[in-house]
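Let's walk through some salt bridges and a helix pair together. Take a look at the model first.

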Amino acid sequence: LYNSRKEEDFIVVQKKVSAVRSKKSSAAQSLRPLQRFALFFFSRPRLTAFLALIIAGFGVLSYSTLLKREGFPPINIPYAIGQATYFVNDASKVDRELAKPVSEYLMKQSGVKTVQTNSLGNFATVIVQYEEKTDAANRSRAGANVKFQAAQFGFTERGDDAVVSFFSKNDAALPEPELVAAATRAAAFIRDQKLSLIKDASIISPIEQAQNPLTGEVQNVQSRFERFGERVDDKTSFYSSVPIGASIMKGGDVVEFGDQLQKAVDAYNGSSESTGYAMRVSASFAPSIRQQISELQKTLLEGLLAVLVIGSIVIAVRASVITVLSMVTVIFATLGVLELIGYTLNTISLFALILSLSLIVDDTIIV
């Protein structure tokens, strides 16, 4: 009798255990894939902590070393702008003998979508729109009468990554050809420094050569006028200047590139004090990238402190610390992913990171 009762009790226990297991199995089957994924790591705290450290460490390495800083990511714009000179002082003749034939020729080329021309007395401008995914820089080729320049991101029409203004402080009325010749030597000085990130440096000459179709004579024409203003001791002085465009090596860090360019400019100014010539970096992406990186770090620090303080007052210190650690891990994981997929820290991605970080802080405090 005793043994039979034990066996009955054992059977009852077995049925209860089976019922509990079936409930757990059905509950597990009803979980969504994301819930199963989260519970997998929730039940393995050591593995989860180890992976979190690896991800955060790779994010720190990406932010401090691997991720390149640049102004704008490479963008292909399917437009090219051309300018032609034709010294006849007759807009209708320029349109009939130059702009129209050029337009008809370009429309016959493969990959060209539209062509727009505008004729003046001695000049004609041509705007070419290519088909999507067409490399405008490689396709923008023309004869001797027309110069095409593909639209590019940068501080100049040719897409330079920085601009140095060259000027003379001693003589405001210095002849333009003499200033251009001195600027050419200054650009050569920058190239001769053999700096690792400066790919090229050359002047954007305000003087162009054009042939008069009536006489056949080659004439020098000043097509642009550049001025550089400098404020010293509450007084602003303006000088005629020649811009020197500098380009960065492919894949180079724009902040380090800016530092190297400034170093070359300082070296030139130190060696040319007696001549009266001087250079200033007048356009560069480096200051704005530095400012945005500083803003990102400031926003991150303020957000972490806000979550920590508010969470500690409203909930508990331990919960606040855990939340802050999760935020840090998410941010560095994002930076690691940017490195893996080949992105850079540029004007667009930095703004997106700052905006996303602000949203994460707000949502984290509410949750």
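Here come a few questions with worked answers.

This is a predicted model, where local features need pLDDT of at least 70, side-chain atom pairs count only at pLDDT 80 or more, and totals for chains, interfaces and linings use all residues. Residues are numbered from 1 along each chain as its sequence is written, and side-chain values use heavy atoms, with hydrogens and water left out.

Q: Which residues are linked with Glu230 in a network of salt bridges?
A: A salt bridge here is a side-chain nitrogen of Lys or Arg within 4 Å of a carboxyl oxygen of Asp or Glu. Glu230 pairs with one partner at 3.8 Å between the closest N and O atoms, and with another at 2.7 Å. So the partners in the network are Lys169 and Arg280.

Q: Is Glu230 buried or exposed?
A: Buried means under 20% relative accessible area, exposed means over 50%, and partly exposed is in between (1.4 Å probe, protein chains only). Glu230 has 15% relative accessibility, so Glu230 counts as buried.

Q: How many residues apart in sequence are the parts that Arg290 and Asp259 tie together?
A: The side chains of Arg290 and Asp259 meet in a salt bridge, 2.5 Å from N to O. Arg290 sits in helix α8 and Asp259 in helix α7 (helices are DSSP runs of H or I, at least four residues, numbered from the N terminus). The parts tied together are therefore apart in sequence by 31 residues.

How values were computed:
Helices (H or I, at least four residues) and strands (E, at least two) are DSSP runs, numbered from the N terminus.
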